[in-house]
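Colleague: I would like to go through some charged side chains with you, and to hear the reasoning behind each label.
Modeller: Gladly; let us look at the model together.
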Amino acid sequence: MDEDRILERERYQIQQIRELDSEELLIEEVEGLDDSSDEDQINDLGNGGASASSEFTFNPYLASLHTYLGEVEDTHHRLAFVDAGAILKVPLFYLEGVVLFPEATLPLRVIQPNFVAAVEKALTQADAPYTIGVVRVSRDTGNGRIRFATIGTTAEIRKFRRLEDGSLNLLTRGQQRFHLRRRWIDMDGAPCGEIQIIQEDLPLRTPRDAVGRLAPLRNLLISNNSHPKQRSHRDEDDDSDAMSEESFESELSLAEKRLHQSALVSCYGSESGDESTSSDDEKSVYNTPPGSLDSLNEQRSESNCRRLGKELISEGKSCRGFGWKKDSVNRLREVPRTYCPHWVYPMYDSYCLAQRVADMWRQIVGTPSMEVLVRKPDLLSFHIASKIPVSESTRQELLEIDGISYRLRREIELLESFDRVRCKICQTVIGKRSDMLVMSNEGPLGAYVNPHGYVHEVMTLYKAVGLALIGSPVTEDSWFPGYAWTIVYCATCECQMGWRFTATNRKLKPRSFWAIRSSQVADETH
């Protein structure tokens, strides 16, 4: 009986394909993409990207359950994280158009015998049970050859179901990034690979806490109140505001006076002396033991003061005779005790970057507070990367970035530049940022699998233009309960762009939306 249904479905799909050449393209007429201000876009996106968000009745939690897979059993197995640098041999899944990140959900419908063997191997292996490796593959536009990514993600099998025809339905979850060392096909035909778990760095906060918060030198005066300054009597007949060197030094605290004397010594030294000083400064940076950042900071501050001392001496023509101006003392005291200005450190502080990304994501998608993830910048960077609606090649780029701060900075650039969604083939504009719609609690972009085992990562839009509807709506195997799907093509180049979903229940809102394949989206989204 099941075989008859499968054959009937295949005949129906073949008939649809044959009718593509003769069927008239139904172009969906949608409002034009008029240029709107960023403020308007943010207002539109405040509630999930849909202008009719106040009438939103669909439960996004349903889509994340992947109910179209049927009843799947929990494996009740949760694997502890593998130590960084560990080398494992695991079954591999090569997926085209899909990039898996740690903590992201990946549904799989395993039909091909070699991949069924890979799952069976994963369920029984001793080293990393219930674990597979997921690697993105892409086709070379020039010669059509398949390219394998060298960076992938391990996935733990959380739920699975065996079907009567021998296929498997799986729900997996991304775990850790790995570097693919080599790959092969085992005796059972299962694709396997040797992988090495990547060492993830820790969130960076040291620059701001250990260095960035140090006060300028003028604050040292407070801590040196026990050494009162002795001021020299000025010549009342002196009309200028110049001071002698002795008077200048009397304006300084003991700590400032020591730095000033160092500046004078380096000023009167030879050029070779300057070079040795610079060399000594560099050595102090590399030879400072861990935990001695305050000492290192004082050395850098002293170096900065030496340079300022040279400038002051140069401006004064000489150390004696011409005198020092009053603002010279103030300028010396304003020298920061930090190696870089204070505004530099938040640019690389993982927690500052995490807060900025979370604020931008909340404005665009309208998600609730993300304070929990902000306190874990590493997880936040993967969370945003797995849901940001950009092309698969850009997402692979995010996966391959080593360093939390660098990944967060790249995500900020993408969120700032993301404005238009374009067809990968013909560059036709399909949608804009304010059209994004969150139909799953996993975000505006998620992975779904069709009955034939093909996994698609799709971004959901409230509105779209330049797309053609092919065929009639189908309710079977819908990724979004209560909605029927219709295949859509680009009206310009006629490549398959995704699907349009329409509500089958009048009370269900939004009434319709679009699911665009990320693999068909151009790299440039602005």
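Colleague: Why is Arg162 called partly exposed?
Modeller: This is a predicted model, and in it Arg162 has a relative accessibility of 47%; since buried means under 20% and exposed means over 50%, with partly exposed in between, Arg162 counts as partly exposed.
Colleague: What makes Glu120 and Arg162 a salt bridge?
Modeller: Their closest N and O atoms are 2.4 Å apart, and because the rule asks for a side-chain nitrogen of Lys or Arg within 4 Å of a carboxyl oxygen of Asp or Glu, the pair of Glu120 and Arg162 counts as a salt bridge. Glu120 lies in helix H4 and Arg162 in strand S7, so the pair ties together parts that are 42 residues apart in sequence.
Colleague: How do you know that Glu413 and Arg410 are about one helical turn apart?
Modeller: Both belong to helix H16, which covers residues 404–417, and they are three residues apart there, so about one helical turn separates them. They also form a salt bridge, with the closest N and O atoms 3.2 Å apart, within the 4 Å cut-off.
Colleague: Asp419 forms a salt bridge with Arg420; why is Arg420 called buried, and Asp419 partly exposed?
Modeller: Arg420 has a relative accessibility of 9%, and because buried means under 20%, Arg420 counts as buried; Asp419, at 23%, counts as partly exposed.
Colleague: How many salt bridges does the rule give?
Modeller: The count comes to 17.

Technical notes: Residues numbered from 1 in each chain as written. Predicted model: local features only at pLDDT ≥ 70, side-chain atom pairs only at ≥ 80, totals over all residues. Heavy atoms only, no water. Helix = DSSP H or I, 4+ residues; strand = E, 2+ residues; numbered from the N terminus. Buried < 20%, exposed > 50% of the residue type's maximum accessible area, 1.4 Å probe, protein only.
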